[in-house]
Amino acid sequence: MKNNSANGTAKSNEQEAKDHYESGVEAFNSGRFLSALKYFEKAVALERNPASLSRLGLCLAKEKRNFAKAISLCKEAIKHEPRNSEHFLYLGRIHLLAGQKKEAIRIFRMGLRNGRNPDISKELERLGSRKDPLLPFLGRDNPINKFLGIVLKKTGLR
């Protein structure tokens with residue numbers, strides 16, 4: 001059985017982590033990512049909450065360009081809450097920041113399979129969808145498909 005002082009410390013750490021998380025969310029929502037980063041780092045140091053992990057990941061990517069660590073944090077959050085589409089939103093945004101558009105789209109689509117999320121839908125809409133290659137028996141990267149696609153788009157036929 002735990003003694004009372006240990007329970008009091010655990011409870012205060014839990015409350016402190018929650019307070020840091022809430023301050024981080026406030027900063028995050030107002031676009032102050034460096035400030036949010038500091039709050040989420042403190043919250044995660046006290047308690048590895050999935051919501052704190054994924055937001056910390058996005059802040060790391062935005063402020064420090066540490067994409068490997070950011071992706072790792074979001075994947076940890078997804079591992080703990082695989083049905084939370086918000087984690088997929090942040091992971092997809094990290095991939096966009098890293099210049100990995102194809103991977104970001106894949107992650108966003110996975111997020112939508114886990115639940116409706118208007119922010120993910122907006123991201124996918126903003127990114128646009130690619131049309132099928134003109135000659136499907138050739139790969140998308142085939143120079144003939146690329147050339148035909150460019151010409152038809154410029155002429156307004158596609």
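**View A. What lines the largest pocket of this predicted model.** Sort the lining by class and you get 9 charged residues, 3 polar and 3 nonpolar. The lining comes to 15 residues, and those nearest the pocket's centre are K131, R140, G149, I150 and R158. As for room inside, this pocket holds about 410 Å³ of space.

**View B. The second largest pocket, with help from α6 and α7.** Here the space is about 290 Å³. There are 11 lining residues, and K102, I105, R109, G128 and R130 sit closest to the centre. Two elements, α6 (101-113) and α7 (118-127), each give two or more residues to this lining. The largest share is from α6, which puts in 5 residues. Split by class, the lining of the second largest pocket has 6 charged, 3 nonpolar and 2 polar residues.

**View C. Helix α2 against helix α3.** Zoom in on α2 (residues 33-46) and α3 (residues 50-64): their axes are 9 Å apart, and the packing angle is about 140°. Angles over 145 would count as roughly antiparallel, so this pair goes down as oblique. The crossing of α2 past α3 is left-handed. On the α2 side, the contact is made by F33, L34, A36, L37, F40, E41, A43 and V44. On the α3 side, look for S52, L53, R55, L56, C59, L60, K62, E63 and K64. By class, this contact between α2 and α3 has 11 nonpolar residues, 5 charged and 1 polar.

**View D. Helix α3 again, now with α4 as its partner.** The angle between α3 and α4 (residues 67-80) is about 160°, and the axes lie 8 Å apart. That makes the two helices roughly antiparallel, given that the cut-off for that label is over 145 degrees. Once more the crossing is left-handed, with α3 passing α4. From α3, the residues to pick out are P50, L53, S54, L56, G57, L60 and A61. They meet F67, K69, A70, L73, C74, E76, A77 and H80 of α4. The class count for this contact is 10 nonpolar, 3 polar and 2 charged.

**View E. Residues of α3 that turn up in both helix contacts.** L53, L56 and L60 are worth labelling here. Each is among the α3 residues in the contact with α2, and each is also among those that meet α4.

Notes:
Residues numbered from 1 in each chain as written. Predicted model: local features only at pLDDT ≥ 70, side-chain atom pairs only at ≥ 80, totals over all residues. Heavy atoms only, no water. 1 Å grid on protein atoms, 1.4 Å probe; cavity = no way out; pocket = protein on both sides within 12 Å on 5 of 7 lines; lining within 4 Å. Points joined across faces, edges and corners; volume = space filled by probe spheres on them. Nonpolar A, V, L, I, M, F, W, Y, C, P; charged D, E, K, R; others polar. Helix = DSSP H or I, 4+ residues; strand = E, 2+ residues; numbered from the N terminus. Axes fitted to C-alpha atoms, helices over the stretch in contact; angles between N-to-C directions. Parallel < 35°, antiparallel > 145°, perpendicular 65-115°, else oblique. Left-handed = near helix turned anticlockwise from the far one by under 90°. Contact = heavy atoms within 4.5 Å.
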